[in-house]
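Q: I would like a careful look at a single part of this model, a sheet and the way its strands pair, followed outward into the surroundings where that helps.

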Amino acid sequence: MAAFEVRGGKPLRGEITPQGAKNEALQILCAVLLTPEPVTISNIPDIRDVNKLIELLRDMGVKVGKLATDTYIFQAENVNLDYMDTPEFVAQAGALRGSVMILGPMLSRYGRCQLPKPGGDKIGRRPMDTHFLGLEKLGGKLTLEGTDFYRIKVDGKLQGTHMLLDEASVTGTANILMAAVLAEGTTTIYNAACEPYLQQLCRMLVRMGANIQGIGSNLLTIVGVEKLGSTEHRMLPDMIEIGSFIGLAAMTGSEITIKDCQIPELGLIPDTFRKLGIQLEFRGDDIYIPAQPHYEIATYLDGSILTVSDHTWPGFTPDLLSIVLVVACQAKGTVLIHQKMFESRLFFVDKLIDMGAQVILCDPHRATVIGLDQRTRLRGITMTSPDIRAGVALLIAALSAEGKSTIENVEQIDRGYQNIDTRLQALGADIRRL
């Protein structure tokens, strides 16, 4: 098990470029299964979860060629359906949450798919009902073997229908969308997710020949087509990395420029950090964060305490609440963090308390942070990364802390952040991998 050794308290300086978006990559890569023709994808992040999915596709029979560091060409001309019956497939797919998004493409193109219960971060319940209910409405027949193995098939072709999703699930919407593009007739998906990454998937499918209306809204209309063809696609920068770097700059009092951010796609992220008192300057498509000795949390107009909560897009992403919580630890003022979607994502605050932060965990979904206003530095400790996002939040805390911190289980961080240690070293961070 790898670990980071961090000696904090050192201001950073320089430029950093965000990786390609992990959450987009997992959808886009599964979409290559929809066509026998070549698909070229660029700005693919070199991270563990994405690399595992590429390996899974290769083992399923997809031809994979690497054209550049971040660019691959895929051709799903001869997918080996029998591979899904092997123990190797079960092990691979079960270790990767993103594998769930092969269901829609495989069911739509080949009429069947099977999948063990996917793994991923332990951040609370992450039911897949939305995926399966949507695929069943299109005509898929689901069989559950035991409690953790799913088989789904269709007799003939999937049939378009109207559906109202029980939740605006991003991966659920992506799965149903990828199934519907090759179905017979028209499908309408109401309460669809509309995150930028989902919009990117829609635009890629349209370039491949799909007929999709309502992109960017919560009502998608898909008219099925006979086949999809070749395309090229470039992924957005990772908005979670961008938010993480904004928080890092503020927490460590650093002057950092984040390059090539695709600012119009960031939604509420910049304004949410501004509410914490963090100064941001847009320079073209770059975000410049000046060194700040202090930053003050805003209040509501009546003077009451600010609440930062997550919501489906265009609300604030839940993946950045851990970062907001950590950054607030050294702000002036108080904020309530309300994590609505997952009940285990705030359980890392005990580590922050051990470091000297003033945080009250009200319940599994809410935490109150009383900022130290840089009057007292956090202190370095030994801790373990519980999941991708909390792991990076703890890394930011360690970089701001006095003394040495050791963060264990950094394989979790590697699943979502590309070469984070070497990239931070380039900014002047004292971090090394053990």
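In E5, which residue is the bridge partner of Val-64?

A: The bridge partner of Val-64 in E5 is Phe-74. The model is a predicted one, in which local features need pLDDT of at least 70 and side-chain atom pairs count only at pLDDT 80 or more, whereas totals for chains, interfaces and linings use all residues. Residues are numbered from 1 along each chain as its sequence is written, and side-chain values use heavy atoms, with hydrogens and water left out.

The pair Val-64 and Phe-74 belongs to the contact between E4 and strand E5 (residues 71–75), which are joined by five bridges in the antiparallel sense; strands are DSSP runs of E of at least two residues and helices runs of H or I of at least four, both numbered from the N terminus, and two strands count as paired if DSSP finds at least two bridges between them. These strands are part of an open, four-stranded sheet with mixed pairing, in the order E4-E5-E3-E13. Strand E4 (63–68) and strand E13 (231–234) are the edge strands, each with a single partner strand, so one side of each has no neighbour in the sheet. From one strand to the next the twist averages 20°, where axes are lines fitted to C-alpha atoms, for helices over the stretch in contact, and angles run from 0 to 180 degrees between N-to-C directions.

Moving along the sheet from E5, the next strand is E3, which runs antiparallel to E5 and is joined to it by three bridges; here Ile-41 stands opposite Tyr-72 in E5. On to E13 the sense changes, as E3 and E13 are parallel and share four bridges, with Glu-232 in E13 as the bridge partner of Thr-40. E3 is covered on both faces, with Val-39 and Ile-41 buried on one side and Thr-40 and Ser-42 buried on the other; buried means under 20% relative accessible area, exposed over 50% and partly exposed in between, with a 1.4 Å probe and protein chains only. Helix H1 (residues 22–31) lies across strand E3 (39–42), E5 and E13, and runs at about 170° to E13, contact being heavy atoms within 4.5 Å.

A second sheet offers a useful reference for this one. It is open and three-stranded, in the order E6-E8-E7, with antiparallel pairing. Strand E6 (112–116) and strand E7 (141–145) each have a single partner strand and stand at the edges, so one side of each is left without a neighbour in the sheet. The average turn between neighbouring strands of this sheet is 15°, direction ignored. E6 and strand E8 (residues 149–153) run antiparallel and are joined by five bridges, one of the bridge pairs being Leu-115 with Tyr-150 in E8. Helix H4 (residues 103–110) lies across E6 and E8, at about 155° to E6.

Cysteines come next. The structure holds zero disulfides, a disulfide being a pair of cysteine sulfur atoms within 2.5 Å. Cys-113 has a relative accessible area of 2% and is therefore buried, and the cysteine sulfur closest to its own, in Cys-30, is 9.6 Å away, too far for a bond. Cys-194 is likewise in no disulfide, as the nearest cysteine sulfur, that of Cys-202, is 10 Å away; at 12% relative accessibility Cys-194 counts as buried.

Aromatic rings give a further set of contacts. Three aromatic pairs are found in a search of the whole structure; rings of Phe, Tyr and Trp (its six-membered ring) pair if their centres lie within 6.5 Å, with planes under 30 degrees apart counted as stacked, over 60 as edge-to-face and the rest as tilted. Among them are Tyr-83 and Phe-89, whose ring centres are 6.0 Å apart and whose planes stand at 80°, so the pair is edge-to-face. Tyr-83 counts as buried at 12% relative accessibility, and Phe-89 is buried at 0%.

Elsewhere, helix H10 (residues 321–328) is largely enclosed by the rest of the structure, because eight of its eight residues are buried, including Leu-321, Ile-323 and Ala-328. By contrast, Arg-375, in the loop between strand E20 (366–370) and strand E21 (382–384), counts as exposed at 63% relative accessibility.
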